[in-house]
Amino acid sequence: MSSLRRIITLLVIAGIAVATGVFASVNTDVIRVDFLFRVYDLPQSLVIIGAIVVGTLVGLLCASLVMFRLVRERRRAVKLLRVAESEISSLRSLPLQNAE
């Protein structure tokens, strides 16, 4: 099973590499990119791939911040659950009063 997963992973990576190569060869136009203090003339494919990479990194950063918040909330909830369970356990061990 591990070797099959490895082969599939290699095929996906090879497919992405081929698609990127085809994309770069089709989008060879040079465009002007203006960064506040500097102007660059870059291939269109490089600008698009760079935008995709930056967008992916920003998305991962935002998702990781949300995940950290959820993990923190889960830890807090588990701690409160343990406290509540111990309180219930201690209440169950008390003798009943006025049981009529």
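**Exercises on a predicted model**

At 48% relative accessibility, F35 counts as partly exposed, a value taken, like those below, from a predicted model.

**Exercise 1.** Determine which class of accessibility Y40 belongs to, and describe how F35 and Y40 form an aromatic pair.

*Solution.* Begin with the accessibility of Y40, which stands at 33%; because partly exposed covers the range between under 20% and over 50%, Y40 counts as partly exposed. Turn next to the rings, for which the count comes to one aromatic pair. The pair is formed by F35 and Y40, with 5.7 Å from centre to centre and 65° between the planes. Since planes over 60 degrees apart count as edge-to-face, the pair of F35 and Y40 is edge-to-face.

**Exercise 2.** Work out how strand β1 and strand β2 are joined, and which residue of β2 stands opposite D34.

*Solution.* First take the limits of the strands, with β1 covering residues 30-35 and β2 covering residues 38-43. The two strands run antiparallel and are joined by six bridges. Then follow the chain from β1 to β2, where a hairpin of two residues makes the connection. Finally, look across from D34, which has V39 of β2 opposite.

**Exercise 3.** Locate N27, decide whether N27 is buried or exposed, and name the residues that N27 touches.

*Solution.* Start with the position of N27, which is in the loop that lies between α1 (2-26) and β1. The relative accessible area of N27 is 17%, and because buried means under 20%, N27 is buried. As a last step, leave aside residues up to four places away in sequence; N27 then touches Q44 and S45.

Technical notes:
Residues are numbered from 1 along each chain as its sequence is written. This is a predicted model: local features need pLDDT of at least 70, side-chain atom pairs count only at pLDDT 80 or more; totals for chains, interfaces and linings use all residues. Side-chain values use heavy atoms; hydrogens and water are left out. Two strands pair if DSSP finds at least two bridges between them. Helices (H or I, at least four residues) and strands (E, at least two) are DSSP runs, numbered from the N terminus. Buried means under 20% relative accessible area, exposed over 50%, partly exposed in between (1.4 Å probe, protein chains only). Contact means heavy atoms within 4.5 Å. Rings of Phe, Tyr and Trp (its six-membered ring) pair if their centres lie within 6.5 Å; planes under 30 degrees apart count as stacked, over 60 as edge-to-face and the rest as tilted.
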